[in-house]
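Let's take a walk through this model together. Have a look at the sequence and the 3D view, and then we'll go from one helix pair to the next.

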Amino acid sequence: MLRRRDLLAAGTTAVLAASTGVSLAQQAAPAVAPTSTEGWDDGLAHPIPYQPQLGAGKERGLVLGGGGIYLASWMAGYFHALKSKGVDMSTADIVVGTSAGSLIGALLTGGHLWRFGAELDFFVEFPKIFTMIVPTMAPNPSQLRARGIADTAVSADPATIQAIGRAAMAARNSDGPSDYFNAVKRVIGEEKWPSPKLHTTANDCYTGERIVVSADDGIEVNHACAASSSLPGSMGPTWLGNRLCMDGGICQTSTHSDVVAGVKKALIISLTDGGADASKVGLRTSSLPNTLQQEVADLKAQGTQVILKVVGLMPGATRIDSIMDPKWIGPCLKNGNERGLADADEMKSFWGA
């Protein structure tokens with residue numbers, strides 16, 4: 001089989017569609033979309049799978065997927081419950097966060113997730129903090145156009161990612177390129193990169209390239225998290241250096257689990273199981289293919305012990321109208337907390353105290 005070519009070859013972009021039964025490293029690249037960035041490398045664009053393996057020699061990897069306020073609230077409740085039982089997920093040696101996962105990753109690695117220590121304070125104050133980044137006005141036509149293009153996309157080829165990116169750049173969002181990162185700063189509580197452990201993902205609106213940001217890149221963490229969560233037609237997009245970037249989930253992977261490849265054990269938290277029905281029930285903001293299950297298989301094949309936690313629909317719900325609706329903060333916090341308490345023994349054995 002052909003090994004997938006480097007996505008950065010000749011300074012161009014390739015974003016791969018999922019391939020059933022074939023590992024990510026074995027998938028053949030589709031046609032490359034032309035760009036005007038030949039010879040330009042700012043170190044932010046990284047191929048899929050990520051090379052070299054960032055998890056090599058590390059013990060614990062934490063992968064936090066995307067899923068709006070819905071998933072962010074669930075993860076906060078889950079980690080809070082585990083911490084109450086003596087399992088501190090901030091001891092991860094490498095953390096990769098996408099969209100909502102980037103925000104929780106920054107809070108976790110910066111120590112801010114525990115700013116509300118008491119149970120009552122946590123459940124009362126946390127929702128107030130996260131509503132700061134929720135769009136409050138009815139969407140305008142330019143926003144609806146961007147959302148529609150993302151929602152109906154079914155292929156992760158470069159042209160499709162670039163089309164979504166163009167729509168994202170053309171959307172008149174209330175928190176746009178010069179504002180959204182300030183809202184994110186109020187949520188995560190800082191600009192300084194909280195830890196070298198943390199890596200965030202995004203996508204270049206113009207080229208479609210996958211972007212991975214770490215402490216070494218000299219970018220403020222609120223900018224990195226804003227780019228990672230700049231949902232087309234809702235917030236942002238956000239400048240990362242000289243790239244205007246959108247949500248890290250607008251590609252074929254909702255978790256970017258390949259970034260932790262080589263780690264001894266990995267916990268992956270995902271809103272969905274990677275199946276095609278996720279967008280139908282409102283758990284994904286696009287119909288792009290999702291390589292989550294293949295990413296898990298690849299990690300295991302490389303010797304990584306993997307636990308995948310799928311959040312899914314809240315009990316009693318059959319569809320989510322919007323993963324950005326604040327009404328889900330309370331139920332998701334509660335459900336995450338309950339599942340964290342139930343998983344405490346499993347996670348203590350797997351992760352360690």
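Which residues in α2 meet which residues in α7? On the α2 side they are S102, L103 and A106, and on the α7 side V221, C225 and S228, where contact means heavy atoms within 4.5 Å. By class, this contact has four nonpolar, two polar and no charged residues; Ala, Val, Leu, Ile, Met, Phe, Trp, Tyr, Cys and Pro count as nonpolar, Asp, Glu, Lys and Arg as charged, and the others, Gly among them, as polar.

Before going further, some ground rules. This is a predicted model, in which local features need pLDDT of at least 70 and side-chain atom pairs count only at pLDDT 80 or more, while totals for chains, interfaces and linings use all residues. Residues are numbered from 1 along each chain as its sequence is written, and side-chain values use heavy atoms, with hydrogens and water left out. Helices (H or I, at least four residues) and strands (E, at least two) are DSSP runs, numbered from the N terminus.

Back to that first pair. Helix α2 covers residues 100-109 and helix α7 residues 221-228, and they pack at an angle of about 155° with their axes 7 Å apart. The axes here are lines fitted to C-alpha atoms, for helices over the stretch in contact, and angles run from 0 to 180 degrees between N-to-C directions. α2 and α7 are therefore roughly antiparallel to each other; the label goes to angles over 145 degrees, while those under 35 count as roughly parallel, 65 to 115 as roughly perpendicular and the rest as oblique. The crossing of α2 and α7 is left-handed, a word used if the near helix is turned anticlockwise from the far one by less than a right angle, with right-handed used if clockwise.

Just before α2, stop at S99, which sits in the loop between β2 (94-98) and α2. Its phi is near 55°, a positive value in a residue other than glycine. After α7, in the loop between that helix and β5 (238-240), you'll find P237. The peptide bond from G236 to P237 is cis, with omega near -5°. Another cis bond runs from Q51 to P52, also with omega near -5°, and P52 belongs to the segment before β1 (60-64).

Next, try α4 (residues 141-152) and α5 (residues 158-169), which pack at about 160° with axes 8 Å apart. That angle is why α4 and α5 are roughly antiparallel to each other, and their crossing is left-handed. A146, I149 and A150 in α4 meet A163, I164, A167 and A168 in α5. By class, that contact has seven nonpolar, no polar and no charged residues.

Now for α1 (residues 68-84) and α9 (residues 329-351), whose axes come within 6 Å and cross at roughly 40°. That makes α1 oblique to α9, and the crossing is right-handed. Residues in this contact include I69, Y70 and W74 in α1, and I329, L333 and M347 in α9. By class, the contact of α1 with α9 has 13 nonpolar, eight polar and two charged residues.

Finally, look at ring neighbours. K83 lies over the face of W114, at 4.5 Å from the ring centre, and K265 lies over the face of F350, at 5.8 Å. A charge sits over a ring if NZ of Lys or CZ of Arg is within 6 Å of the ring centre and within 35 degrees of the ring normal.
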